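Biologist: I would like to learn how to read a structure like this one. Could you take me through it step by step?

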Amino acid sequence: DDSDLRVALWQQKPPPRSSDPGIDWALKALDEAAAAAQDQGARLLILPELFLGGYRALSEAGEACGLREGSPSIDRVASIARAHHLAIVLGFFERSANGQLYNSALAVDEDGRLAALYRKTHLFGSAEKAAFSPGERLGPIFRLVGGVRCALLICYDIEFPEAVRSLALAGASLIITPTANFEPYSFVNQSIVRVRAFESHVSLVYANWAGHTSEDGVRFNGQSVVASPQGELLLSLGESEEGLFFASLPPSCLAGAGAALEGHDDFYLRDRRPALYDQAAVRAAAPHKFEARRPRPLSTVKCIHGCCDDGQHGADAGEMLAYGRLWALHQLAPFADSGLRLAGVLGAAGPVDARPLCSLDWAVRLPLSLLLLVRPSASALLAAHVSNLLLWAVWMPMAWDHMCWAALLEASLVVCATASGAANLPQYGRRLSGATALRYCSTVLRAQHAVLYVVAAFWKLTTSFLDHRTSCATVLFAELATVLPDAALESLLPPGGPAAELLLRAAPALTVALELAIGPLLVLSPRAGVVAGLLFHTCINLLPLNYAAGFSLMCVARYGLFLPATPDALAEASAAGPAAAYAAVAAVAAAACAQLHGGIDSHFVGCGLLAALCLRAMALPAPLAEVCARGGRVALAVGLATLATLSWGIGGPVLGLQQMSGLTMYANLKHWGGSNHLLLPTNLLAETDWLPEAASRAKLPLLSALLAIFGRAQGQVVRVDATNSSVLRELSPADSTPLLPAHAVALMRASGASGRYYGQYCARMFVGRDNDMPSSGTIGNAVAGAGPKSAGVEEGKELPGKELPYALTAYELRRLLAAARAHGEPFTLTFTPSLPTAGSPADWRDFVGDSASLVEDPSAGRAECTIAGADCASHKAAAVIALMSAAPPRWLSKVLMAYPVPLLPPSEADPGTEVHCSA
């Protein structure tokens with residue numbers, strides 16, 4: 001807007017308390033002032049501090065009419081602004097949802113929408129400090145008439161240069177300050193306001209009550225002023241003047257500090273040397289027992305909320321400690337499910353991917369999670385994260401993919417918090433405080449969480465996932481459709497109907513598009529990213545069989561990092577009204593869980609509660625992003641964390657170091673035997689000839705060592721033709737198709753898809769966890785529980801497909817044989833050891849070669865291997881067969897479980913060129 005901004009200042013005496021009609025008087029005065037301001041062409045009306053409620057004795061503040069957003073009086077302010085098409089800024093008594101009283105100011109735009117809410121951060125004198133709670137954040141920066149970038153301060157706040165400078169550098173060009181200044185502080189009105197405007201190159205509006213002496217003997221001093229960035233007074237009122245007064249601010253007065261920096265017309269901003277200010281804090285000797293605080297570096301820019309390290313905000317109000325509470329809720333879910341199981345109300349098994357528990361979890365993780373929930377602190381958060389990482393390492397490789405995702409985030413927090421503290425030791429003579437270091441790390445976690453979503457979607461760019469006949473997306477969409485009532489399902493999505501055909505053929509592309517969008521949206525438009533994420537995880541939680549609420553709860557618990565108002569939403573949750581609302585949400589979620597999954601589990605209910613909290617945080621006014629030192633260290637930390645994420649999430653499958661427990665879940669990825677990914681190879685360590693030569697020439701000892709451990713023999717593809725081993729039969733091929741809802745299977749097969757689904761990862765994850773296994777079975781396990789609408793088999797019978805041949809790497813067969821031997825039972829195994837290393841499932845299925853027969857009885861010490869009627873040692877495949885006699889290295893078994901590939905008979909839906917869905 002190139003026109004002047006005409007503002008109106010209201011300066012009058014309040015009515016005496018003895019005859020104070022309260023808010024009715026204020027609203028009537030506001031309406032009259034707004035009408036007069038509109039008549040005079042003003043676009044912005046500004047009124048004094050505590051205008052709504054009257055500047056009464058602070059001893060009465062606790063009995064004052066504390067207002068809040070949505071109250072009738074605030075709604076009346078909005079309607080006045082809307083009626084006169086005039087933006088309004090005024091002060092008021094605010095009572096928050098948790099009952100605290102604040103000295104606040106609000107801004108309403110000309111359409112009656114709340115543009116900003118600010119709570120006074122610097123309280124003056126013992127009376128104010130006794131009456132009000134201090135605000136914890138500056139800002140926000142918001143736009144009013146014509147897009148002017150505005151910010152609010154209140155009275156005493158403006159006497160702190162840091163407050164004005166921070167807002168200016170964060171982008172404000174007009175700082176509006178309702179005040180109730182009094183004698184003997186007229187020099188603030190007369191001098192300090194002009195100086196603040198000049199030194200930070202912003203326009204300042206300072207609106208005061210007219211001069212009079214209150215019943216308490218306080219003499220308000222009027223003298224409202226409007227100052228330009230050059231320190232000129234565009235309006236200066238006398239002490240006793242009353243009425244409505246006007247000033248015009250030309251566009252040059254609203255350009256802000258950024259324009260000053262670009263135009264070099266403000267030497268204060270141009271010539272700052274913030275490094276000297278930091279050094280001054282080191283050189284200065286603290287004159288008292290309290291540790292001298294390091295001044296905020298003045299070389300500052302607006303940054304993503306939470307990255308800063310100034311220690312100015314209380315630990316309890318910090319977003320990282322709000323994150324800690326949400327993290328603790330996530331950790332407590334499997335413990336709560338254990339209680340629900342004992343009570344007999346747990347759903348089928350809870351989520352299929354609930355984190356397993358051992359005695360160490362109960363002894364260490366549970367107390368630390370409870371401590372963090374009840375009394376959050378930086379030390380408790382770090383201790384809980386360290387213990388979680390150690391217990392994750394104990395559980396490996398029996399760890400769900402989302403546990404590894406979470407472990408990467410937790411490791412980054414521990415490293416980042418430790419490093420950010422240590423890095424400040426030589427520069428500042430002390431470490432950063434724990435809470436400060438954690439706030440510094442929040443940007444890292446946000447970036448990393450977003451990148452992990454992108455990597456998970458990236459791995460779904462495979463020919464098998466994008467082919468609806470074999471895609472996991474087809475399985476999941478067909479399963480999701482069965483959530484509809486039977487009548488609606490039959491009428492809307494009958495098998496073979498055009499709607500079902502379109503839905504299932506589009507399922508792979510829709511899945512990739514949604515999951516791929518979440519990460520970038522979380523960074524570029526966090527609210528949109530959170531909404532997209534909640535939609536994605538809600539769909540997951542509705543699935544009857546692939547109900548992976550462990551993954552959903554882990555991800556949603558981190559969304560608070562992307563919503564600056566999360567600490568406020570958590571703070572108000574303990575008040576009676578919000579607590580009742582959240583209880584209602586929990587009740588609805590529990591009822592939905594019981595309907596969908598046959599019982600109640602805390603993961604489903606937890607996701608519902610956290611989704612409600614996220615939506616509330618989005619509805620609350622967003623605080624100003626904190627101001628921090630120019631982002632050299634932050635950018636470096638984000639870069640290193642992103643590199644670590646990509647190295648693990650992409651480098652692991654490419655090298656062949658990661659399969660199950662990776663970011664390739666539900667991706668139909670060929671981890672070995674030649675990649676089916678559109679862009680990247682897989683399993684390079686075991687399947688390339690050029691890599692060993694390159695490692696040797698480049699003298700890379702670590703890579704050479706990995707190649708020696710894997711070798712071509714470890715990557716050799718073998719085919720299991722038959723076995724009577726209960727261990728091997730339990731773990732592969734783990735056909736879970738009969739557990740899918742019958743209508744889902746019918747939908748898939750009518751659309752030309754195979755309708756086959758395998759649960760080999762899930763089968764491995766329940767080894768040794770009989771107490772966690774539902775009586776009806778779960779994905780990948782041998783007993784089918786014909787639940788509601790299940791394709792099912794007879795209760796207690798094995799699923800079909802136990803004799804189905806499957807291909808796998810020599811390494812994985814070696815690992816499975818070690819497990820079978822540890823089980824102690826005799827077994828026989830027939831396998832073909834020399835399949836083509838690079839090939840399709842059809843190539844491996846149809847390959848004709850010598851089959852080896854392995855007969856073992858551990859109790860009798862018997863182990864025989866024959867092939868083509870002779871001892872295996874004399875066969876050309878002896879090197880591969882010899883590997884089967886011993887377990888793989890323990891460290892490798894801790895990190896790598898490989899996916900077998902079921903080999904189905906040829907059919908129109910399965911020509912054998914793609915791998916089927918396996919999870």
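Modeller: Gladly! This is a predicted model, and confidence is a good place to begin. Which elements of the protein chain have the lowest and the highest mean pLDDT? Strand 15 (residues 300–302) has the lowest, at 30, and strand 2 (residues 44–46) has the highest, at 97.

Biologist: How should I treat a part with a low value, and where does pLDDT stay under 50?

Modeller: As a general idea, predicted coordinates should not be read in detail where pLDDT is low. Here pLDDT stays under 50 over residues 278–317 and again over residues 624–631. The model has 100 contacts beyond four places in sequence for residues 278–317, and 34 such contacts for residues 624–631. For the protein chain, the mean pLDDT is 82, and 81% of the residues reach 70 or more.

Biologist: Thanks! Next, two helices: at what angle do the axes of helix 16 and helix 18 cross?

Modeller: Angles from 65 to 115 degrees count as roughly perpendicular. The axes of helix 16 (residues 472–481) and helix 18 (residues 498–524) cross at roughly 115 degrees and come within 8 Å. That makes the two helices roughly perpendicular, and the crossing is right-handed.

Biologist: Which residues in helix 16 and helix 18 meet?

Modeller: An α-helix has 3.6 residues a turn, so residues three or four places apart point the same way. From helix 16, Ala473, Thr474, Phe477 and Ala478 take part, and their partners in helix 18 are Leu503, Leu504, Ala507, Pro508, Leu510 and Thr511. Eight residues of this contact are nonpolar, two are polar and none are charged.

Biologist: What about burial: how many residues of helix 20 are buried?

Modeller: A residue counts as buried under 20% relative accessible area. In helix 20 (residues 549–556), eight of the eight residues are buried, so this helix is largely enclosed by the rest of the structure. Among them are Phe551, Leu553 and Met554.

Biologist: Is Val414 buried or exposed?

Modeller: Val414, in helix 12 (residues 401–422), has a relative accessible area of 18%, so Val414 is buried. Beyond neighbours within four places in sequence, Val414 contacts Leu382, His385, Val386 and Leu389. Val414 and Leu382 are 32 residues apart along the chain, with 6.3 Å between their C-alpha atoms.

Biologist: Finally, which peptide bond before Pro140 is cis?

Modeller: The bond from Gly139 to Pro140 is cis, with omega near 5 degrees. Pro140 lies in the loop between helix 3 and strand 6. Another cis peptide bond joins Met396 and Pro397, and Pro397 is in the loop between helix 11 and helix 12.

Note on methods: Residues numbered from 1 in each chain as written. Predicted model: local features only at pLDDT ≥ 70, side-chain atom pairs only at ≥ 80, totals over all residues. Heavy atoms only, no water. Axes fitted to C-alpha atoms, helices over the stretch in contact; angles between N-to-C directions. Helix = DSSP H or I, 4+ residues; strand = E, 2+ residues; numbered from the N terminus. Parallel < 35°, antiparallel > 145°, perpendicular 65-115°, else oblique. Left-handed = near helix turned anticlockwise from the far one by under 90°. Contact = heavy atoms within 4.5 Å. Nonpolar A, V, L, I, M, F, W, Y, C, P; charged D, E, K, R; others polar. pLDDT = per-residue confidence, 0-100. Buried < 20%, exposed > 50% of the residue type's maximum accessible area, 1.4 Å probe, protein only.
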